[in-house]
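This briefing goes with the sequence and the structure displayed below. It begins with backbone geometry and then turns to the sheet, the nonpolar cores and the charged pairs.

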Amino acid sequence: MSVLSEYKLFFPIDSIQKVCDMFEEQLRSNKEPDLALFSIIVGAVENNLTNVKNSDKDVSLSANKFIKMKFPSVEWEEVKTLYDRFVSLMKSGVDAKLLGGEVATRDLVKRVADVVWNSLTRSYYKDRAHLQSIYSFLKGNKLDCFGVAFAVTAGCQVLGKQDVHLALSEDHAWVVFGKDGMNTAEVTWHGKGNEDKRGRSVGEGVLARSWLYVAGKPVVCTRVMELAALVSSINPTLTPTIDVHEVAQMQHRLLWLLYDKGHLDAYPMALGNLGDLDEYMKISNCAEEPDSSNVKNEAGTNPSTPRPDSAALYVQAIRSSRTHYEDRHVYPYTFQGGYYHRYKMYKEAFHAWACAGDVIRHYNYSRDDEEIYKEFSEIANELIPQLMKAESSGHSARSILKDPECFASLLRFYDGICKWEEGSQTPILHIGWAKPLVSTISKFDAEVRAQVNIICSPDNGEPTDEPQKSEDSNQKEDKKIDNDSWNNNTENAELSVREQLTAAVNSRPRVTLYSHKMAALKPLLLAERLNTHALQLQLTAQSQLQRPQPPAKRREDDEHTSQAPTARAKRARRER
């Protein structure tokens, strides 16, 4: 194929630089990236470097958090053979009658999904690494959830249907197709396998208020963003505790290349992954700056402009979610909270986690939410109790425990989880959650708790965008008052006693509780002496309160997923 042959000059691919050169050439081109080709190449590099059998026998895996491996040599003949196999599989498996018309039909999308699905081994590979590429599909007939959706998208591209694009939530993937991408179709599985859903619209999941479908605000990819999704899905792990440096470095450089070209601007998950990788590279003491600057110069950006650090990247991810997805993505905040926690910036971590709670309260919990459940469980039942224990002893005892804003942030965080539980079939707050929660709250003295202005609003029904914006503006106003009034004693001296008292009340941290459980706890939370037993009982009560449902709105079958452009691969939970 003439288009494929254009890349022959880059082979053999035997270094990270050659991979970057190939991506750079593609990004300079006006032609659409060939998803199958790039997925085969990236998959070949990743799978060869992360194969434990190929690891250097002289390296002690138990003594390292990351290891360096010899970069493989990916030959042109192997890549072309695999590519031709993929094209042949798609063309032979799809009836020519389905290929008529300018845009794809639901029947065609389902048929391509069936071709991919029926080629897989009869097992599910939940949480298995390195199964997201078409290389894995062709070499071992194995794909994970993201890999199936990506392969279907690439298969439709091979068949000439340029309207089929990848749509990504924070833990699921599907495709959009048709004019303006107005139609959606399930093409992959989630959890233990939902093959019966293939070809169906995702509208049912959106209406069920499932986090899995991010309120109809997924990352809808362009072709280049699908390339970014491929890069973001790279997994450098060799074992659960060890990363391969070359894979992480390749992913790091490719993400910066895409960032410099502006292809991550509407991609919160990739920005978060880049922030994690940037921090990882510094921790591993990898002298990579010369290479990074070279990539930057090749990208045509100003080499004198410093790149953002990890903290700035996490802020960009949050801004991207707010700008493009109506702030319905949770992971940008947990990325940021984890970063602050690692650097012992606990007040900032509490605020980030509270914002994550603000997002999750818009959803109904279900068993499909396993990944985000584990995320919140780790924060609520491990990270917060550990840091509270450390902060309540020694010289730190007068830090965050004396700060009412930290207490307010914790209430927002827990309120989000309680609201997530309301109206759901499965309870969340069992005793394993309630004990750490009560223990954390009990660490704050009564005078600290009393400084928080708690507003209860559980009967508002489903919090709409307007109340959320109001809450955000309230928080900004509170912060502004804190900065301008609390810390400006000279101005207060000129005020009357009444005015000073009014200013003090207005400057108290304010938190609105939307869940019935947390709202019912207000008297207990503000009591001079905490009744921990009563708190636990109320928290673990399996309330049957159903979230008031707004009037049903009749919408087109697939209208929910036509909003925004972005892409993302499932977050890798990297242990440090």
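**Briefing on the predicted model**

Alanine 215 counts as partly exposed, because its relative accessibility is 32% and the range between 20% and 50% is the one called partly exposed. The model is a predicted one, and the points below are grouped by topic.

**Backbone geometry**

- Alanine 215 has a positive phi of about 55° although it is not a glycine, and this residue is found in the loop between helix 8 (203-207) and strand 5.
- Aspartate 327 likewise is not a glycine and has a positive phi, here of about 60°; its place is in the loop between helix 13 and helix 14, and at 12% relative accessibility aspartate 327 counts as buried.
- The peptide bond that leads from phenylalanine 11 to proline 12 is cis, with omega near -5°, and proline 12 is found in the loop between helix 1 and helix 2.

**The sheet and the helix across it**

- Four strands form an open sheet with antiparallel pairing, and their order is 4-3-2-5.
- The edge strands of this sheet are strand 4 (183-185) and strand 5 (219-220), each of which pairs on one side only.
- Strand 3 (residues 173-177) pairs with strand 4 in the antiparallel sense over three bridges, and phenylalanine 177 stands opposite asparagine 183 in strand 4.
- Helix 5 (residues 106-118) lies across strand 3 and strand 4, and it runs at about 25° to strand 4.

**Nonpolar cores and buried residues**

- In soluble globular proteins, nonpolar side chains tend to be buried together.
- The largest nonpolar core in this model has 163 residues, and those with the most contacts inside it are Ile134, Leu264 and Phe376.
- Apart from that core lies another, of eight residues, among them Val202, Val206, Leu212 and Tyr213.
- Once neighbours within four places in sequence are left aside, phenylalanine 376 is in contact with Val330, Ala356, Gly357, Ile360, Phe413, Ile417, Trp420 and Trp433.
- Leucine 27, whose place is in helix 2 (residues 16-28), is buried, with a relative accessible area of 14%.
- Not counting residues up to four places away in sequence, leucine 27 touches Val224, Leu257, Leu258, Lys261 and His263; in the case of lysine 261, the two residues are 234 residues apart in sequence, with their C-alpha atoms 8.1 Å apart in space.
- Cysteine 20 is buried, with a relative accessible area of 1%, and cysteine 221 also counts as buried, at 3% relative accessibility; the structure holds zero disulfides.

**Salt bridges**

- Side chains of opposite charge can pair when their charged atoms come close.
- The structure holds 24 salt bridges, and the points that follow take up some of them.
- The side chains of lysine 31 and glutamate 6 meet in a salt bridge, with an N to O distance of 2.7 Å. This pair links distant parts of the chain, 25 residues apart, since lysine 31 is in the loop between helix 2 and helix 3 (35-49) while glutamate 6 is in the loop between helix 1 (2-5) and helix 2. Lysine 31 counts as partly exposed at 46% relative accessibility, and glutamate 6 counts as partly exposed at 38%.
- Aspartate 260 forms a salt bridge with arginine 307, and the closest N and O atoms are 2.5 Å apart. Here too the pair links distant parts of the chain, 47 residues apart, with aspartate 260 in helix 10 (residues 245-260) and arginine 307 in the loop between helix 12 (289-298) and helix 13 (310-325). Aspartate 260 counts as buried at 15% relative accessibility, whereas arginine 307 counts as partly exposed at 22%.
- Aspartate 276 forms a salt bridge with arginine 342, in which the closest N and O atoms are 3.7 Å apart. Because aspartate 276 lies in helix 11 (residues 268-283) and arginine 342 in helix 14 (residues 331-342), the pair ties together parts that are 66 residues apart in sequence. Aspartate 276 is buried, with a relative accessible area of 8%, whereas arginine 342 is partly exposed, with a relative accessible area of 34%.
- Salt bridges that share partners also join Glu24, Glu25, Arg28 and Lys261 into one network; Lys261 is, in addition, among the residues that leucine 27 touches.

Notes
Residues numbered from 1 in each chain as written. Predicted model: local features only at pLDDT ≥ 70, side-chain atom pairs only at ≥ 80, totals over all residues. Heavy atoms only, no water. Disulfide = S-S within 2.5 Å. Buried < 20%, exposed > 50% of the residue type's maximum accessible area, 1.4 Å probe, protein only. Helix = DSSP H or I, 4+ residues; strand = E, 2+ residues; numbered from the N terminus. Contact = heavy atoms within 4.5 Å. Core = buried A, V, L, I, M, F, W, Y, C linked by side-chain atoms within 4.5 Å. Pairing = 2+ DSSP bridges. Axes fitted to C-alpha atoms, helices over the stretch in contact; angles between N-to-C directions. Salt bridge = Lys/Arg side-chain N within 4 Å of Asp/Glu carboxyl O.
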